[in-house]
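Me: I would like a close look at one part of this protein, namely a helix and the partners it packs against. Please describe the contacts residue by residue and then place them in the wider fold.

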Amino acid sequence: MLYYLHLLKDTHELLGPLRLFEFLTFRAVGAASTALLLSLILGPVAIRLLTRLKLGQPLRTKEEVNKLADLHGGKRGTPTMGGILVIGAVVFSSLLWSDLSNAYVWLTIFAIVWLGALGFWDDYTKVALKNSAGISGKTKLAGQLLLAVIVAAFLYWHPAISDHFAVFHVPFVKARVLETALFETPWLQIYIFCAVVFYALVIMGTSNAVNLTDGLDGLAIGCTCSVAVVYGAFCYVTGTEAAATYLQLPYVAGADEVTIFMASLFGAGLGFLWYNCHPAKVFMGDTGSLSIGGAIAVVAIIVHQELLLVLAGGVFVMEAGSVMLQVFWFKTRKKRLFAMSPIHHHFELKGWNESTVTIRFWILGILFALLALSTLKIR
């Protein structure tokens, strides 16, 4: 909303400084700062409210996780659903600093709210039933699949961005892998179906990978901040025609405005980390992890950088990959590859302190983020 203040700059000389609200970089800093302050200020309020409502995190029993139950026993009862704080800060800050006529802004806001609601349902089920199972995996996947369909439909039928499907980009490769001519009838409908399937895999994969990473204090939200920086940069470059042309990236008109959303996520993440660092005073729960992962996936789809998630979210890929490897190894070899999966628990059981695991994974997250940013020039 503050974006429109720049329209007043010419009405009086004293209002000249309002032209700053026209510049994306200024508004991105403002959005990050606003989300950070909101998280810091409202954090204690949210923690007290969640505690009063007795929305404590149910932990798996000792029979389920054995030694890990001893390591994490002190976390029982820590309020969960703290993702509401992150979502609220991101949405408020995005609405405050964005150009609200931009279709992509509303798509990203819808995505984080949609999956936030799905995660809230899961968290509430866990708390109400006093177990760690929550809603079924099929229900989660159905909600994520429906979001993929909505995203695909939005990108296809919105008149301003209906050519979105014409590009597919691969990191470190200069040329576009697919061209518009391939999508003319009769191939268009087949391609749209494939796009929906692909978007569903991206959204499901990223959302669930962040969810799996959220097992130690500060781990998931810290890695989220580095990914937010990467995609904030790609949104800015991809939505700026001169920069996109120079860097040989697909130009997406309006994608630069999504930089505000990613800046808000970065600021909200830092603010939440203040209370989520070890020992955590609040957990984000599935409310936060599912929504954050899904929102990042939708942003990746917007800027045609879906495959870049493998690099930028390298820690998330490690976590999800360790679970799949553990299952495969156990089914084929009848023994465990890791002491426990996701892999952060493996290092815990090998004697690493929780804070040590978290900080080292943050370092890896930053390295992956730098590698992802290098694709802007290396190809």
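Reply: In this predicted model, helices α4 and α5 run roughly antiparallel to each other, because the angle between them, about 165°, is over the 145 degrees at which that description begins. Their axes are 11 Å apart, and α4 passes α5 in a left-handed crossing. On the α4 side the contact consists of Ile 84, Ile 87, Val 90, Val 91, Ser 94 and Leu 95. These meet Trp 106, Ile 109, Ile 112, Val 113, Gly 116 and Phe 120 of α5. By class, the residues of this contact are 10 nonpolar and 2 polar, with no charged ones.

The loop between α4 (83–97) and α5 contains Asn 102. Asn 102 has a relative accessible area of 12%, so it counts as buried, the limit being under 20%. Its side chain has two polar partners in the backbone: the nitrogen of Val 105 at 3.2 Å and the oxygen of Gly 254 at 2.8 Å. With residues up to four places away in sequence left out, Asn 102 touches Gly 254 and Glu 257. Gly 254 therefore appears both as a polar partner of the Asn 102 side chain and in this contact list.

Helix α5 (residues 103–129) also packs against helix α11 (residues 285–302), where the axes come within 7 Å and cross at roughly 155°. That angle makes α5 roughly antiparallel to α11 as well. Here α5 passes α11 in a right-handed crossing. From α5 the contact takes in Tyr 104, Leu 107, Thr 108, Ala 111, Ile 112, Leu 115, Gly 116, Gly 119, Phe 120, Asp 122, Asp 123 and Lys 126. The α11 side supplies Gly 285, Asp 286, Thr 287, Leu 290, Ser 291, Gly 294, Ala 295, Val 298, Val 299 and Ile 302. The class division is 11 nonpolar, 7 polar and 4 charged. Ile 112, Gly 116 and Phe 120 of α5 take part in the contact with α4 and also in the contact with α11.

Elsewhere in the protein, helix α8 (residues 219–238) and helix α13 (residues 314–333) come within 9 Å, with axes crossing at roughly 135°. α8 and α13 are therefore oblique to each other. Leu 219, Ala 220, Cys 223, Thr 224 and Val 227 of α8 make this contact with Val 315, Phe 316 and Glu 319 of α13. By class, the contact has 6 nonpolar, 1 polar and 1 charged residues.

Leu 219 and Glu 319 from that pair also touch His 344, which is found in helix α14 (residues 343–349). Apart from neighbours within four places in sequence, the other contacts of His 344 are Leu 212, Thr 213, Gly 215, Leu 216, Val 357 and Phe 361. His 344 is buried, at 0% relative accessibility. Its side chain is joined to that of His 345 by a polar contact of 3.3 Å.

As for the wider fold, the protein has 15 helices and 0 strands. Of its 379 residues, 53% are buried, Asn 102 and His 344 among them. Counting contacts with a separation of 6 or more, 75% are between residues 24 or more positions apart.

Conventions: Residues numbered from 1 in each chain as written. Predicted model: local features only at pLDDT ≥ 70, side-chain atom pairs only at ≥ 80, totals over all residues. Heavy atoms only, no water. Axes fitted to C-alpha atoms, helices over the stretch in contact; angles between N-to-C directions. Helix = DSSP H or I, 4+ residues; strand = E, 2+ residues; numbered from the N terminus. Parallel < 35°, antiparallel > 145°, perpendicular 65-115°, else oblique. Left-handed = near helix turned anticlockwise from the far one by under 90°. Contact = heavy atoms within 4.5 Å. Nonpolar A, V, L, I, M, F, W, Y, C, P; charged D, E, K, R; others polar. Buried < 20%, exposed > 50% of the residue type's maximum accessible area, 1.4 Å probe, protein only. Polar contact = N/O pair within 3.5 Å; in protein donor to acceptor, adjacent residues only side chain to side chain.
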